[in-house]
Amino acid sequence: MVSVGGSDPDDGGQRILSAIDLEIGGNGIPSETGLYFAKIGLGTPSKDYYVQVDSGSDILWVNCAECTRCPTKSDLNGSSTSKIVTCDHDFCTSTYDGKLPNCKPDLLCQYNVVYGDGSSTAGYFVEDLIQLDQVTGNLKTGSTDGRVIFGCGAKQSGELSSSSEALDGLIGFGQANSSMLSQLASAGKFKKIFSHCLDTHEGGGIFTIGEVESPKVKTTPLFCESNNLLLYDPRPHYNVIMKGVEVGGSLLDIPSDIFKVGDQKGTIIDSGTTLAYLPQVVYQSVMDKILSYQKDLKLHTVEEQFSCFTYSDDIDKGFPIVTFNFEDDLSLVVHPHDYLFAIKEDKWCFGWQNSALQSKDGKDTALLGGTSNIKLKDDKSGSVYTTAAHNLSSASSFTYEKLLTFMMILVAILFSFV
């Protein structure tokens, strides 16, 4: 479990939407989705959209009717509450830290976002109502809404344009003021807190916005170099400070500067990442120590990236537990059934990936993918309500041949940036 903290927004006397229950679908099975998605409503009348959940990026966007190379398309013009966001809008100037060059009152506020896998989305911003499920009692919700500015996707590239990976868009839960969470929190709708507990194998899980009453969580601080987070800020992620790694209870001899947070270094928690990447020194040390428990294991490569082997016994008895230690004595315990996945009977693969082989720029970065009931506190009434897990089925048909190596409960409390 990981928790990162910040301050609460001033509600300005407005009504607070204390807790939101976001329906979640998807899973971490390699041959199936390999990601998690949520259902949200947009526009008037409200229309359901299925969007990938990503804590490593900021904006919410959906594919628009005029989009090229989009596997799904929607006509946002059909909403009676939709408004175009122009380049001189306060949102646009604050997102880009100033007025855009050659801006005229009737020109659109455009965006272009490139993700870590090289895929990209481009389009323009619109403003409309978002419909969410507010927690009203134990296992009960009611509809509520708020105005948000989000992207109308006009062009997608890479995997986002693939018809076999068709979702309606993506919702970012990053730290920038352009995120849906930041917008509604600054409007006094709820606290800047989101939590998730995702089911790797069975699918679905819990994703909530609001204060978590239980389970109680231990915390580690966010690392942040700047209070001015923009759409294209080079460090929009949730960066935490890793202190060391243990395998089977033994602390690995890894140079301490490997975990130092800096330019293209450090540890990132990202629910939108489908693999766990470790810097080469860390990766090699972890793999060598794990393999020392099974000296006769014969490895072979599958899909040009996974190290796999044959093993017929109980993996939790034959392989060691791996523990990541973070600042303030927070530990993330990863069991063998978390970092190993089966491709067929008695055939297993390691989920760890060498960062150096994936990206030259990110070779020194550790990137950890995000993974019962959660109880939320209503700040207005003081009541505590229980939320249950969901296993949502998307209206879109898609298959992702990727792996979410292991899942973590993530409680993210965003900073209030000025």
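Two strands pair if DSSP finds at least two bridges between them. Helices (H or I, at least four residues) and strands (E, at least two) are DSSP runs, numbered from the N terminus. With that in hand, let's work through some exercises.

This is a predicted model, in which local features need pLDDT of at least 70 and side-chain atom pairs count only at pLDDT 80 or more, while totals for chains, interfaces and linings use all residues. Residues are numbered from 1 along each chain as its sequence is written, and side-chain values use heavy atoms, with hydrogens and water left out.

**Exercise 1. Follow the sheet that holds strand 19 from edge to edge.**

Step 1. Start with one pairing: strand 19 and strand 20 (residues 306–310) are joined by three bridges in the antiparallel sense. Within it, Thr 301 faces Ser 307 of strand 20.

Step 2. Extend to the whole sheet. Its four strands run in the order 19-20-24-23; the sheet is open and its pairing antiparallel. Strand 19 (300–302) and strand 23 (340–344) are the edges, each pairing on one side only.

Step 3. Add the geometry: from one strand to the next, the twist averages 40 degrees. Here axes are lines fitted to C-alpha atoms, for helices over the stretch in contact, and angles run from 0 to 180 degrees between N-to-C directions.

**Exercise 2. Describe the sheet with the order 16-15-21-22 and find the helix that lies across strand 15.**

Step 1. This open sheet also consists of four strands, and the pairing is antiparallel. Its edge strands, pairing on one side only, are strand 16 (250–251) and strand 22 (330–334).

Step 2. Look inside the sheet. Strand 15 (residues 242–247) and strand 21 (residues 322–326) run antiparallel and share five bridges. Opposite Gly 244 you will find Asn 325 of strand 21.

Step 3. Now place the helix. Helix 3 (residues 280–291) lies across strand 15, strand 16 and strand 21, at about 20 degrees to strand 15.

**Exercise 3. Sort the residues of strand 8 by face, and find the strand joined to strand 8 by five bridges.**

Step 1. Tyr 111 and Val 113 make up the covered face, whereas Gln 110, Asn 112 and Val 114 make up the uncovered one.

Step 2. The partner is strand 9 (residues 120–137), which runs antiparallel to strand 8. Tyr 111 stands opposite Gly 123 there.

**Exercise 4. Classify two aromatic pairs and name the cluster that contains them.**

Step 1. Set the rule: rings of Phe, Tyr and Trp (its six-membered ring) pair if their centres lie within 6.5 Å; planes under 30 degrees apart count as stacked, over 60 as edge-to-face and the rest as tilted. The count by this rule is 13 aromatic pairs.

Step 2. Apply the rule to Tyr 311 and Phe 319: with centres 5.1 Å apart and planes at 70 degrees, the pair is edge-to-face.

Step 3. Turn to Tyr 339 and Phe 350, whose centres are 6.4 Å apart with 5 degrees between the planes, a stacked pair. Tyr 339 belongs to helix 5 (residues 336–339) and Phe 350 to strand 24 (residues 347–350), so the pair ties together parts eleven residues apart in sequence.

Step 4. Check burial (buried means under 20% relative accessible area, exposed over 50%, partly exposed in between; 1.4 Å probe, protein chains only). Tyr 311 and Phe 319 are both buried, and so are Tyr 339 and Phe 350.

Step 5. Name the cluster: Phe 309, Tyr 311, Phe 319, Phe 324, Tyr 339, Phe 350 and Trp 352.

**Exercise 5. Decide whether Ser 179, Gln 183 and Lys 104 are buried or exposed, and place each in the chain.**

Step 1. Ser 179 sits in the loop between strand 11 (169–172) and helix 2 (180–186). Ser 179 counts as buried because its relative accessibility is 0%. Beyond four places in sequence, Ser 179 touches Asp 58, Gly 172 and Gly 174 (contact means heavy atoms within 4.5 Å).

Step 2. Gln 183 is in helix 2 and, at 12% relative accessibility, counts as buried. Its contacts beyond four places in sequence include Phe 91, Val 148 and Ile 149.

Step 3. Lys 104 lies in the loop between helix 1 (90–95) and strand 8 (110–114). At 53% relative accessibility, Lys 104 counts as exposed.
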